[in-house]
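Me: I'd like to go through this fold and ask how each label gets earned. Can we take it piece by piece?

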Amino acid sequence: MKLEILRYPDERLRRKGEPITEITEEIRVLAGDMVETMYAEEGIGLAAPQVDRLLRLVVTDFSGPSKREGAKVYINPELEFLGEEKQESEEGCLSVPDLRASVERASRVRVRALDLEGRPFTEEADGVRSICLQHECDHLEGRLFLDHLSRLKRNLYTVKRKKALLMTERP
């Protein structure tokens with residue numbers, strides 16, 4: 001089932017996800033619904049707080065956009081930055097419509113998480129995978145990629161977004 005994605009400036013996006021203590025059928029269904037939502041919105045990652053679920057759950061798929069066969073679920077992910085090297089890349093966000101901006105992030109990360117069976121796993125990521133994992137894990141902490149931009153860019157976007165929302169609310 002496709003879920004509703006919260007959109008900036010919704011304050012619920014600023015809430016932190018809580019650790020998942022038990023992997024239930026409800027968690028498995030949520031993960032599947034998140035994957036379906038991510039695909040429907042043509043994203044490569046989605047975090048549970050973006051769909052108003054305060055859980056430490058992330059889904060990704062880097063096989064797209066034409067293929068969609070590499071969905072991966074990360075339960076209670078923890079990131080470790082590998083080295084000092086940084087990379088700058090243009091990012092967008094399903095919760096921050098109509099904005100793409102350059103953000104600097106760690107070039108390489110190691111993620112430790114649980115899969116849907118509760119098995120721990122570790123993987124290293126670089127390039128777009130590293131960027132995406134950092135972006136999605138930010139959501140688990142109530143942070144948006146906007147927070148990595150200059151105050152001026154953030155404020156300009158906020159004004160533009162609020163104005164657009166006012167225009168859509170008018171009859």
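Reply: Sure, starting with the core. This is a predicted model. The largest nonpolar core has 18 residues, and Met 34, Leu 46, Leu 57, Val 59 and Ile 75 touch the most other members. H1, S2 and S3 each supply at least two residues of this core, and H1 gives the most, with six.

Me: What makes a set of residues a nonpolar core?

Reply: The members have to be buried residues of the nonpolar kinds, joined through side-chain atoms within 4.5 Å. In general, nonpolar side chains tend to be buried together in soluble globular proteins.

Me: And what does Met 34 touch, not counting residues up to four places away in sequence?

Reply: Its list is Leu 3, Leu 46, Ala 47, Ala 48, Val 51, Leu 57 and Val 59. Apart from that core lies another one, of 13 residues, including Val 103, Leu 144, Phe 145 and Leu 149.

Me: How do you know that the span of helix H1 agrees with its number of residues?

Reply: H1 covers residues 25–40, so it has 16 residues, and at 1.5 Å a residue it should span 22 Å. The end C-alpha atoms are 22 Å apart, so the two agree. After H1 comes Glu 42, with a positive phi near 60°.

Me: Which residues of H1 are buried, and what do they pack against?

Reply: The buried ones are Ile 27, Leu 30, Ala 31, Asp 33, Met 34, Val 35, Thr 37 and Met 38. They pack against strand S1 (45–47), strand S2 (57–60) and strand S3 (72–81). H1 lies across S1, S2 and S3, and runs at about 40° to S2.

Me: What about the H2 helix: how does its reach fit the expected value?

Reply: H2 has 14 residues and reaches 21 Å from its first C-alpha to its last, close to the 20 Å expected at 1.5 Å a residue.

Me: What makes H2 "mostly covered"?

Reply: The cut-off for buried is under 20% relative accessible area, and 11 of the 14 residues of H2 are buried. Among them are Ile 131, Cys 132, Leu 133, His 135 and His 139. Gly 142 follows H2, with a positive phi near 80°.

Me: Why are S1 and S7 said to stand at the edges?

Reply: The open sheet has five strands in the order S1-S2-S3-S6-S7, with antiparallel pairing. S1 and strand S7 (120–126) each have a single partner strand, so one side of each is left without a neighbour in the sheet. On average, neighbouring strands of this sheet are turned by 40° against each other, direction ignored.

Me: What makes S2 and S3 a pair?

Reply: Pairing needs at least two bridges, and S2 and S3 have four, in the antiparallel sense. So they pass that cut-off. One bridge links Thr 60 with its partner in S3, Lys 72. Helix H2 (residues 127–140) also packs on the sheet, touching S1, S2, S3, strand S6 (108–114) and S7, and its direction makes about 120° with that of S7.

Me: How do strands S4 and S5 pair?

Reply: Strand S4 (residues 86–93) and strand S5 (residues 96–106) pair in the antiparallel sense over seven bridges. A hairpin of two residues joins S4 to S5, and Glu 90 has Ser 102 in S5 as its bridge partner.

Me: Why is Tyr 8 called buried?

Reply: The relative accessible area of Tyr 8 is 12%, and buried means under 20%, so the label holds.

Me: What makes the link between Tyr 8 and Thr 158 a polar contact?

Reply: The two side chains come to 2.7 Å, and the cut-off is 3.5 Å for a pair of N or O atoms, so the distance qualifies. Tyr 8 is also joined to Pro 9 by a cis peptide bond, with omega about 15°. Most peptide bonds are trans.

Me: Asn 76 and Asp 98: buried or exposed?

Reply: Asn 76, in strand S3, has 17% relative accessibility, so it counts as buried. Asp 98, in strand S5, has 69%, so it counts as exposed. Phi is positive for Asn 76, near 55°, and for Asp 98, about 60°. Most residues other than glycine have a negative phi.

Conventions:
Residues are numbered from 1 along each chain as its sequence is written. This is a predicted model: local features need pLDDT of at least 70, side-chain atom pairs count only at pLDDT 80 or more; totals for chains, interfaces and linings use all residues. Side-chain values use heavy atoms; hydrogens and water are left out. The expected span of a helix is 1.5 Å times one less than its number of residues. Buried means under 20% relative accessible area, exposed over 50%, partly exposed in between (1.4 Å probe, protein chains only). Contact means heavy atoms within 4.5 Å. A polar contact is a pair of N or O atoms within 3.5 Å; within protein, one must be able to donate a hydrogen and the other to accept it, and residues adjacent in sequence count only if both atoms are side-chain atoms. Axes are lines fitted to C-alpha atoms, for helices over the stretch in contact, and angles run from 0 to 180 degrees between N-to-C directions.
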